[in-house]
Amino acid sequence: MTYASPHRLTPEEEGGPEVDVIVVGAGNAAACAALAAREAGAGKVLMLEAAPEAEAGGNSTYTAGAMRVTYEGIDDLRELVPDVPDDLVAVTDFGSYGADAFFDDMFRMTQFRTDPELVEILVRQSLPTLRWMREQGVRFQLSFGRQAYKVDGRFRFWGGLACEVWGGGPGLVEMLHAACARRGIEIRYATPATDLLRDDAGVCGVMVATPEGRKAIRAGSVVLACGGFESNAEMRARYLGPDWDLAKVRGTRFNMGDGIRMALEAGAMPHGHWSGAHAVGWDRDAPAYGDLAVGDNYQKHSYPFGIMVNANGERFVDEGADFRNYTYAKYGREVLRQPGMFAWQVFDAKVLPMLRDEYRIREVTKVTANTLEELAGKLEGVDPARFLQTVRAYNAAVQTSVPFNPAIRDGRGTEGLALPKSNWANTLDQAPFEAYAITCGVTFTFGGVKVSDRGEVMDRAGAAIPGLYSAGEMVGGIFYHNYPGGTGLTSGAVFGKLAGKNAGRHALSLQTA
Ligand SMILES: Cc1cc2nc3c(=O)[nH]c(=O)nc-3n(C[C@H](O)[C@H](O)[C@H](O)COP(=O)(O)OP(=O)(O)OC[C@H]3O[C@@H](n4cnc5c(N)ncnc54)[C@H](O)[C@@H]3O)c2cc1C
């Protein structure tokens, strides 16, 4: 790892700050930071976006807008979504998702490694932060489409994820950017930050690349909110390991690890799971980077209702180990480990109506058949004889006496298989059969820099680097191994708001010093 010294100001570049706060990035974390900096009193806040305007907003734009938030019941949810009709409330079990449940999920998913100080902030600030986003102009809705099942006439929410942004990721970024515009915050597109500026007092601006050449922009403080290194094949191979360079990238092509590099060069402490990443099953023929016209629909997340087989015709994970929200982010890595880095998801007619919308898009790698033998011949790259053996053994092991219920962990598993399926097991025996080819799609990387409970970037000696703040994907120490769905946007908003507020205050304190 390099520990170069950041750009020192030349005599021509010296002088007072041109802006109070620079926010590097224009995704969810960056926009929340910029809005919070303005709210804290910073007069001039500038956002720098590496992407051109048509691709602005980073991974946040590619999301479905699902946001994990604590709630004790419908009253908390109504603070975010006031217009839920009473007749819908009457037929819905929203359950609750209190702080304890969120903590439990974070500890369980991360194998008890999540940074205690950061997770405390994430969980406790989730609901207040979403309320604040609403005040800023972000609109929410309840996730009936993806996070509730109708069983015996009642909707039942599952997996702790009841809320999403109106209009998904594109809606979120549009509403946040509109809020920034209303508050006079400029977003400068196609203007990547390349280096931090430093003087004796700390970080005091950034260098940017412009068509006219490199340029210094001085500021009272800088918030780095410019994503992880998931878009950078070289860094993926270096930190995540062999073959990660070959994974498809689910989102933006602009998160090249620049912010992490700049912070490390300024002496930041690396933190978190540097060899870990959020990665999912993603259409085998999807393009190398995300496509905003398709959004997150290359993902294939109904595997809990079927089986997944590899090139050897064998299952390789417990597809029903838990709700999709708690397994999908780690199963991409399992697909990457299979021969040829691919798998097929197989379903029969019984569950086809339950497949998520993403299975019905035009850009899908799919085969159909009327018999299992016919299907075996169509699964490109798969050993057909071994596949048929796998299905026969699986069918014989399904405990059909246990009722199937998608809204709970129903315990309808297999018996006697070396690799069990624990819930939602259904025999594969009713035509037509459908199969979908997937590979590994990387979402974002887990490793990053250490931040304080004020969003300051910490150095290797444990002191805050004056003037430097960070938020979003590039904060390390929150996610390890796995991830509860919908937490990335919440984390970006919570830590973006925190970093922006303190960056704003820092910039103001320089003016009064
Ligand atoms: C397909 C997909 C679906 C997802 N669905 C969900 C979901 O439903 N719910 C959820 O919680 N999470 C979801 N996620 C994860 C979520 O997108 C991230 O956790 C979150 O958006 C990260 O926010 P961020 O602001 O840190 O990064 P980003 O939104 O990626 O923003 C980073 C910004 O920095 C810019 N940038 C990069 N380098 C530079 C530079 N040198 N100079 C200037 N700017 C730079 C980028 O262009 C971008 O604007 C999904 C991700 C993907 C890819």
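Four bridges join strand β2 to strand β3, residues 45-48, and the two strands run parallel. Please keep in mind throughout that this is a predicted model. Within this pairing, the bridge partner of V21 is V45 in β3. Strand β2 also pairs with strand β13, residues 213-224, again in the parallel sense, over five bridges. There, V19 of β2 has A219 of β13 as its bridge partner. For those new to the subject, strands of a sheet pair through backbone hydrogen bonds, either parallel or antiparallel.

Is strand β2 mostly covered or mostly exposed? Strand β2, which spans residues 19-24, is mostly covered, with six of its six residues buried.

That brings me to the nonpolar cores. The largest of them has 103 residues. The residues with the most contacts inside this core are V21, V23, M47, F94, M133, F140 and F495. Let us take F94 as an example. Leaving aside residues up to four places away in sequence, F94 touches Y71, I74, L77, V89, L142, F144 and F157. Apart from this core lies another, of 39 residues, and V24, A219, L240 and A247 are among them. As a general remark, nonpolar side chains in soluble globular proteins tend to be buried together.

Next, I turn to two open sheets. One has three strands in the order β4-β9-β6, with antiparallel pairing. Its edge strands are β4, residues 66-67, and β6, residues 140-142, each of which pairs on one side only. Strand β6 pairs with strand β9, residues 163-165, in the antiparallel sense over three bridges. In that pairing, F140 stands opposite V165 of β9. F140 is also one of the residues with the most contacts inside the largest core.

The other open sheet has three strands in the order β5-β8-β7, and its pairing is mixed. Why is one side of β5 and one side of β7 left without a neighbour in the sheet? Strands β5, residues 92-93, and β7, residues 148-151, stand at the edges with a single partner strand each, so one side of each has no neighbour there. Strand β7 is joined to strand β8, residues 154-157, by four bridges, and these two run antiparallel. Across this pair, A148 stands opposite F157 of β8. F157 is also among the residues that F94 touches.

I now move to the helices, with α6 as the common member of two contacts. Helix α1, residues 28-39, packs against helix α6, residues 116-136, at an angle of about 75 degrees, and their axes are 12 Å apart. The two helices are therefore roughly perpendicular to each other. On the α1 side, the residues are N28, C32, L35, A36 and E39, and they meet W132, M133 and Q136 of α6. By class, this contact has five nonpolar, two polar and one charged residues.

Helix α6 also packs with helix α14, residues 487-512, at an angle of about 85 degrees, with axes 8 Å apart. That angle makes α6 roughly perpendicular to α14. The α6 side of the contact includes L118, I121, L122, W132 and M133, while the α14 side includes T487, V494, F495 and L498. The residues of this contact divide into 10 nonpolar, six polar and one charged. M133 of α6 and F495 of α14 are both listed among the residues with the most contacts inside the largest core.

Finally, I would draw your attention to some details of the backbone. Most residues other than glycine have a negative phi, and most peptide bonds are trans. Which residues are joined by a cis peptide bond? A431 and P432 are joined in this way, with omega about 0 degrees. P432 lies in the loop between α13, residues 384-397, and β20, residues 433-445.

Q111, which is not a glycine, has a positive phi, near 55 degrees. Q111 is found in the loop between α5, residues 99-109, and α6. A190 likewise has a positive phi, about 50 degrees, although it is not a glycine. A190 lies in the loop between β10, residues 186-188, and β11, residues 193-199. With a relative accessibility of 41%, A190 counts as partly exposed.

The last residue on my list is G462, in the loop between β22, residues 456-458, and β23, residues 464-470. At 47% relative accessibility, G462 also counts as partly exposed. G462 and Y189 are 273 residues apart in sequence, and their C-alpha atoms are 34 Å apart in space.

Technical notes:
Residues are numbered from 1 along each chain as its sequence is written. This is a predicted model: local features need pLDDT of at least 70, side-chain atom pairs count only at pLDDT 80 or more; totals for chains, interfaces and linings use all residues. Side-chain values use heavy atoms; hydrogens and water are left out. Axes are lines fitted to C-alpha atoms, for helices over the stretch in contact, and angles run from 0 to 180 degrees between N-to-C directions. Angles under 35 degrees count as roughly parallel, over 145 as roughly antiparallel, 65 to 115 as roughly perpendicular and the rest as oblique. Contact means heavy atoms within 4.5 Å. Ala, Val, Leu, Ile, Met, Phe, Trp, Tyr, Cys and Pro count as nonpolar, Asp, Glu, Lys and Arg as charged, and the others, Gly among them, as polar. A nonpolar core is a set of buried Ala, Val, Leu, Ile, Met, Phe, Trp, Tyr and Cys residues joined through side-chain atoms within 4.5 Å. Buried means under 20% relative accessible area, exposed over 50%, partly exposed in between (1.4 Å probe, protein chains only). Two strands pair if DSSP finds at least two bridges between them.
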